[in-house]
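Good morning, colleagues. Please look at the sequence and the structure on the screen while I take you through several features in turn.

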Amino acid sequence: MSFRATVLTLYPEMFPGPLGVSLAGKALARGDVALESVQIRDFGVGRHRMVDDTPSGGGAGMVMRADVLANAIDSASPADDPRPRLLMSPRGKPLTQARVRELAAGEGAVIVCGRFEGVDERLIAARGLEEVSIGDYVLSGGEVAAMVLLDAVVRLLPGVMGNAESGETESFETGLLEHPHYTRPAEWEGRTIPQVLTSGDHGAVERWRQAEAERITRARRPDLLDD
């Protein structure tokens, strides 16, 4: 069974975009992943297919309508659809590698890409949307964030990475940032590979990598050590 991703967006032409190349592109070509993009405006109201309206209480910008998005979601994901419904949002819970692994173990995801000032709060509650953020910054819309999420998930699907073990030692998989990497030539611009890595002592190599992962995490992301 392939991983089924349905993306609801005002710009379906953005997909597959980067997901059409490299590991994700090969997975799509093999049928390991099914990616469908749904045009939200097809469910808009009135002659102009309006999808947004002014915010209640006043203020700048526009808000995506609950009725329009509900119709789009219901069309793409019936009530018995087991896939989680995600809303890419800067106020969402930060995406973690653990959540990525959970999604990769499932049947797929329905992803709503917000635009404008946001989405009517009633829609989020009524359709059980899980708000997901990819960082503490604001994008023009949820499409790029959806691509980030899907790329992270697809590479963990069985058979997508040539060496499954490589995914188990990456940053965040063990709660730490990844250790440094080196390869040939042995000396480059006066800089040499740490001697332990060429010693042939696998135990010493593993101890060095663990120590380096802890050092880098402590310097760059001490919050991970607190967690």
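How many aromatic pairs does the structure hold? The answer is 1 aromatic pair. I should say at once that we are looking at a predicted model.

The partners are tyrosine 182 and tryptophan 208, and their arrangement is tilted, with 6.4 Å centre to centre and 55 degrees between the planes. The pair links distant parts of the chain, since its residues lie 26 residues apart. Tyrosine 182 sits in the loop between α6 (164-168) and β8 (187-188), whereas tryptophan 208 belongs to helix α7, residues 202-220.

Are these two residues buried or exposed? Tyrosine 182 has a relative accessibility of 43%, and therefore counts as partly exposed. Tryptophan 208 counts as buried, because its relative accessibility is 18%, and the cut-off for buried is under 20%.

Let me turn to the strands, beginning with β1. This strand covers residues 3-9 and is mostly covered, with 6 of its 7 residues buried. Which strands are joined to β1 by bridges? One is β2, residues 33-39, which runs parallel to β1 and is joined to it by 7 bridges. Another is β6, residues 108-113, again parallel to β1, with 5 bridges between the two.

Arginine 4 illustrates both pairings. Its bridge partner in β2 is alanine 34, and its bridge partner in β6 is glycine 108. Threonine 6 also has a bridge partner in β6, namely valine 110.

The connection from β1 to β2 deserves a remark on handedness. Together with helix α1, residues 22-30, these two strands make a right-handed β-α-β unit.

We now move to β6 itself. How many of the residues of β6 are buried? The count is 6 of 6, so the strand is described as mostly covered. In a regular strand, side chains alternate between the two faces of the sheet. In β6, Gly108, Val110 and Val112 point one way, while Ala109, Ile111 and Cys113 point the other way, and all are buried.

Strand β6 also pairs with β5: the two run parallel and are joined by 4 bridges. Within that pairing, methionine 88 has cysteine 113 of β6 as its bridge partner.

Next, the empty space in the model. Rolling a probe the size of a water molecule over the atoms shows where such space is left.

The largest pocket has a volume of about 670 Å³. Its lining is made up of 22 residues, and those nearest its centre are Leu95, Thr96, Gln97, Phe172 and Arg221. Which helices each supply at least two residues of this lining? They are α3 (97-104), α5 (143-154) and α8 (222-226). The largest share, 3 residues, comes from α3. By class, the lining of the largest pocket comprises 9 nonpolar, 6 polar and 7 charged residues.

The second largest pocket holds about 490 Å³ of space. It is lined by 26 residues, of which Met88, Ser89, Pro90, Glu117 and Gly118 lie nearest its centre. Two or more lining residues come from each of β5 (85-94), α4 (121-126) and β7 (130-133). Strand β5 gives the largest share, with 5 residues. Methionine 88 thus appears twice in this account: as a bridge partner of cysteine 113, and among the residues nearest the centre of this pocket. The lining of the second largest pocket divides into 13 nonpolar, 8 polar and 5 charged residues.

Finally, we come to enclosed space. How many cavities of 30 Å³ or more does the structure hold? There is 1 such cavity, and its volume is about 60 Å³. The residues that line this cavity are Ala5, Leu19, Ala24, Leu28, Val33, Leu35, Leu150 and Val154. The elements giving two or more residues to the lining are α1, β2 and α5. Helix α1 and strand β2 are thus met again here, having already appeared in the β-α-β unit. As for class, the cavity lining has 8 nonpolar residues, no polar and no charged.

That concludes my presentation, and I thank you for your attention.

Technical notes
Residues are numbered from 1 along each chain as its sequence is written. This is a predicted model: local features need pLDDT of at least 70, side-chain atom pairs count only at pLDDT 80 or more; totals for chains, interfaces and linings use all residues. Side-chain values use heavy atoms; hydrogens and water are left out. Rings of Phe, Tyr and Trp (its six-membered ring) pair if their centres lie within 6.5 Å; planes under 30 degrees apart count as stacked, over 60 as edge-to-face and the rest as tilted. Buried means under 20% relative accessible area, exposed over 50%, partly exposed in between (1.4 Å probe, protein chains only). Two strands pair if DSSP finds at least two bridges between them. A crossover is right-handed if, with the strands pointing away from the viewer, the path from the first strand over the helix to the second runs clockwise. On a 1 Å grid over the protein atoms alone, a cavity is a set of points where a 1.4 Å probe fits but cannot get out, and a pocket is an open set with protein on both sides within 12 Å along at least five of seven lines; lining residues have an atom within 4 Å of a point. Grid points are joined across faces, edges and corners, and a volume is the space filled by probe spheres set on the points. Ala, Val, Leu, Ile, Met, Phe, Trp, Tyr, Cys and Pro count as nonpolar, Asp, Glu, Lys and Arg as charged, and the others, Gly among them, as polar.
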